[in-house]
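I opened this model to look up its cysteines, its cavities and its nonpolar cores. My notes follow in the order in which I took them.

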Amino acid sequence: MSCCCSLFFYLAIPKQGIFHVSVLIITPAPLSLSHTHTHTHTNTSLSLSHTQTHNGVLTPHYSKAIRISKTGAKPYAEPGEKQPNLKLAYSPKRATAELRHSSSIGSRATPSPSASVVAQSPLSSDYQSPPAADDHDNGRDRYPRDRSFRSYVQPFLPHYFFPNDDLYRPHPHRSKISILILAAVVFAAVLSVSSVVKRLNAPYLCRKDGITLQCPHVKESSSLWENPYSATTSWKPCAERHEGIISDLPAENSTNGYVFIHAEGGLNQQRIAICNAVAVAKIMNVTLILPVLKQDQIWKDQTKFEDIFDVDHFIDYLKYDVRIVRDIPEWFTDKAELFTSIRRTVKNIPKYAPAQFYIDNVLPRVKEKKIMALKPFVDRLGYDNVPQEINRLRCRVNYHALKFLPEIENMADLLVSRMRNRTGSSNPFMALHLRFEKGMVGLSFCDFVGTRMEKALMAIYRMKEWPRRFKDGSHLWALALQKRKEGRCPLEPGEVAVMLRAMGYPKETQIYVASGQVYGGQNRMAPLRNMFPNLVTKEELAAKLELDGFRKHVTSLAALDFLVCLKSDVFVMTHGGNFAKLIIGHRRYMGHRLKSIKPDKGLMSKSLGDPYMGWSTFVEDVIVTHQTRTGLPEETFPNYDIWENPLTPCMCRT
């Protein structure tokens, strides 16, 4: 057999530094060789190629592969194409040498160049013939160990990422799948990034800088200073006294007797007790002795009725309903017995007792003794178990008969005028009833932010003041968590500041603070004061000399706070209590045009305790929740509290 071999070597240098080396080796049957290899910097292409000259550069134009097998070699033909009849000379030595020569051109980095050639050569005993290839092979690399990193990721990217690489162009179906996968990955990445950015940009609602809270700005609403839904209601007060009516009171000498009560607690609890005393006197048709304001253990104040209220107006306004006298009748000589003797005291009155209880159990004793004291008298008359005219009488006492002394009214009007003109022109102002005194914090049995020393001192204070509730203190932590979750804890000044900012009130808001001495002092008040610097108390609005006349009675100072809050443009309560209930109820009764905000403390507790709560979400929750908590009359309000919602018995439709 003759040995003949022809070698054709073409070198083309196209763009991007890609070397294409074409070597044609023609060998005879039975063993023909066509080894194709593409080299980019380190790869070599060996192919049977027809070339053409383009701009003086030899470039590959058309290639045909020759399939190699041990039984013989035939040129590979396209499907349906006539197979060419090539007679190739065979020379094993020359073929091996030329293979080595072609491999050396690519300068492929391998640990042993000679071993690499032998292992890859069809002349090696370990060589396995590759499967038959066709035009749909897409140029996949038959030597995966020499594949670059790009060859692994390229099939999953669209072909336009590699416009000059035809050998690695993926199949159209695979390209569509890779695009979908890529789109899904990008979408997931965008969501993840947006979530991370949202959490980074929405810290724990507000950023704390020392004792200062920095909260994002909120756009000011047009309804900040008015009740937006007041025009949708049509109610008016109807508990006032009607002139010209005929009194049904019996003659003075035919009265069933006299009752005398001790009004306990603070100013507002005493106010409720006075209203109930007038109602009880009406129920039993007895004469009411002017109530005594009993000294309170917390307020430590001994004030008489006439030190706070206008007695003449009180008696005159109710003259058609109940007979009221200023003092105990002269014929009753042993006045001390009325305060100390059990025989002169009714003590078994249950809380929220019905009207019938007084008729059946108290009235017979009053008729027998002629004068009886009712003690204690806190919440001793119900609401939904008494006639409606009795509840209307209670509203008449509260909203019309009980007036503060003229000097208290005048001083309160002066404070209101100063609040409205603090900026040099007429401006609205907010009144904030801040219930965070030491007594309220202790009585709530809630846990608050503070140092270990503060918490230890508060535990000692609670154990001393409320030993039965404190017990050994082991149950208090669970109780505190439960109460906070249910929204039964007073709002701290910092929490109030965050809530007001979320509602949209700007830094320039004028705020009148009605409160006692705040537990924790200036450090506790700092977050609120720093966020709303125009925050004042009556002591800052009035000169010391102006208030000296009211300092001898704590209830007089409380009366000033009551009137300023009552006449404010917006009233905000922070915790339940008689003060807040009476203010909100009175503002409802006056026409419900003024906004009275009752915070949803359950929502506040949940939001302030959520570390992932974003500021925008918090603002939306606060605004939406408090749209209906602005002091409008509520027909579905429980009947047990006419002081906060006097709608049913005391107001009529217009």
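**Cysteine pairs**

I began with the link of cysteine 446 and cysteine 489, which is left-handed, with -90 degrees about the S-S bond. The model is a predicted one, and I read each value below as computed from it. The S to S distance in the disulfide of cysteine 446 and cysteine 489 is 2.0 Å. I then placed the two ends: cysteine 446 sits in the loop between helix 12 (438-444) and helix 13 (452-465), and cysteine 489 in the loop between helix 15 (476-485) and helix 16 (493-503). This pair links distant parts of the chain, 43 residues apart. I noted both cysteine 446 and cysteine 489 as buried.

How many disulfides does the structure hold? I found three.

Next I took cysteine 395 and cysteine 650, which form a disulfide with sulfur atoms 1.6 Å apart. Their link is right-handed, at 60 degrees about the S-S bond. Cysteine 395 belongs to helix 10 (residues 388-401) and cysteine 650 to helix 24 (residues 647-650), with these positions 255 residues apart in the chain. Cysteine 395 and cysteine 650 are both buried.

I then turned to the disulfide of cysteine 238 and cysteine 652, where the sulfur atoms are 2.1 Å apart. This link is right-handed too, with 90 degrees about the S-S bond. Cysteine 238 is in the loop between strand 9 (235-237) and strand 10 (258-263), while cysteine 652 is in strand 21 (residues 651-653), so the disulfide ties together parts 414 residues apart in sequence. I looked up exposure at each end: cysteine 238 counts as buried at 12% relative accessibility, whereas cysteine 652 is partly exposed at 30%.

**Cysteines 275 and 565**

Why does cysteine 275 have no bond to the closest cysteine sulfur? That sulfur belongs to cysteine 395 and lies 8.4 Å from the sulfur of cysteine 275, which is too far for a bond; the cut-off for a disulfide is 2.5 Å. Cysteine 275 is buried, with a relative accessible area of 0%. I also checked cysteine 565, which counts as buried at 0% relative accessibility.

**Cavities**

I counted six cavities of 30 Å³ or more. I looked further at the second largest, which holds about 70 Å³ of space. Cysteine 489, already noted for its disulfide to cysteine 446, is one of the residues that line this cavity, along with others including Arg484, Pro490, Glu495 and Met604.

Which helix gives the most to the lining of the second largest cavity? Helix 22 does, with four residues. Helix 15 and helix 22 (601-608) each supply at least two residues of the lining. I sorted the lining by class and got five nonpolar, two polar and five charged residues.

**Nonpolar cores**

The largest nonpolar core has 91 residues, of which Phe314, Leu318, Tyr358, Val362 and Phe404 touch the most other members. Helix 5 (residues 267-284) provides the largest share of this core, twelve residues. I listed the contacts of phenylalanine 314, leaving out residues up to four places away in sequence; among them are Ile274, Val278, Leu290, Phe305, Val397 and Leu402. Another core lies apart from the largest one and has 42 residues, including Leu434, Phe436, Ala497 and Leu500. I added one general remark: in soluble globular proteins, nonpolar side chains tend to be buried together.

Terms used. Residues are numbered from 1 along each chain as its sequence is written. This is a predicted model: local features need pLDDT of at least 70, side-chain atom pairs count only at pLDDT 80 or more; totals for chains, interfaces and linings use all residues. Side-chain values use heavy atoms; hydrogens and water are left out. Buried means under 20% relative accessible area, exposed over 50%, partly exposed in between (1.4 Å probe, protein chains only). On a 1 Å grid over the protein atoms alone, a cavity is a set of points where a 1.4 Å probe fits but cannot get out, and a pocket is an open set with protein on both sides within 12 Å along at least five of seven lines; lining residues have an atom within 4 Å of a point. Grid points are joined across faces, edges and corners, and a volume is the space filled by probe spheres set on the points. Ala, Val, Leu, Ile, Met, Phe, Trp, Tyr, Cys and Pro count as nonpolar, Asp, Glu, Lys and Arg as charged, and the others, Gly among them, as polar. A nonpolar core is a set of buried Ala, Val, Leu, Ile, Met, Phe, Trp, Tyr and Cys residues joined through side-chain atoms within 4.5 Å. Contact means heavy atoms within 4.5 Å.
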